[in-house]
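Please open the structure in the viewer and keep the sequence panel visible. The tour moves from the whole chain to a single residue.

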Amino acid sequence: VVDCRYDRQLSGDLAAFAEIRFQLTDYDDAIPIFGHTRNDNQRDYSFGISKLIWRAEDNRLSLAGQLCHTYTDADSNISAYGYKKNVTSVSMTLAF
């Protein structure tokens with residue numbers, strides 16, 4: 001797995017990020033119905049923004065929101081295991 005991420009603090013409590021992730025997977029055993037081993041190559045491309053929504057005066061609690069999009073492109077030497085997908089997510093994190 002190779003993972004590279006860039007984070008950038010924007011104005012105020014707003015931050016942005018971009019990430020690229022590569023994963024190569026080689027399986028040792030042959031899959032009986034295909035008659036050979038499986039080799040996968042997966043690439044994930046992500047980007048998003050996050051915002052600190054609230055922080056307690058004593059800094060012990062905080063609430064942040066994040067909007068993220070990830071595009072995945074997975075190739076395999078067995079076509080049934082190859083796919084492409086897009087996932088957009090919104091999340092909230094309460095840190096304590």
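The stops below begin with the chain as a whole.

This is a predicted model, in which local features need pLDDT of at least 70 and side-chain atom pairs count only at pLDDT 80 or more, whereas totals for chains, interfaces and linings use all residues. Residues are numbered from 1 along each chain as its sequence is written, and side-chain values use heavy atoms, with hydrogens and water left out.

**Whole chain.** Select the chain and display it as a cartoon. It contains five strands and zero helices, where strands (E, at least two residues) and helices (H or I, at least four) are DSSP runs numbered from the N terminus. The chain is more spread out than a compact globule, because its radius of gyration is 19 Å, well over the 12 Å that the globule rule gives for 96 residues. That radius is taken over C-alpha atoms, and the rule is 2.2 Å times the number of residues to the power 0.38. Along the principal axes, the C-alpha trace spans about 65 × 25 × 20 Å.

**Burial.** Of the 96 residues, 23% count as buried, that is, under 20% relative accessible area with a 1.4 Å probe, protein chains only.

**His-69.** Next, select strand S4, residues 62–76, and find His-69 within it. Which residues does His-69 touch, leaving aside those up to four places away in sequence? They are Tyr-45, Ser-46, Phe-47, Asn-86, Val-87 and Thr-88, a contact being heavy atoms within 4.5 Å.

**Asn-86.** Finally, show the side chains of His-69 and Asn-86, which make a polar contact at 3.1 Å. Such a contact is a pair of N or O atoms within 3.5 Å; within protein, one must be able to donate a hydrogen and the other to accept it, and residues adjacent in sequence count only if both atoms are side-chain atoms.

Technical notes
Buried < 20%, exposed > 50% of the residue type's maximum accessible area, 1.4 Å probe, protein only.
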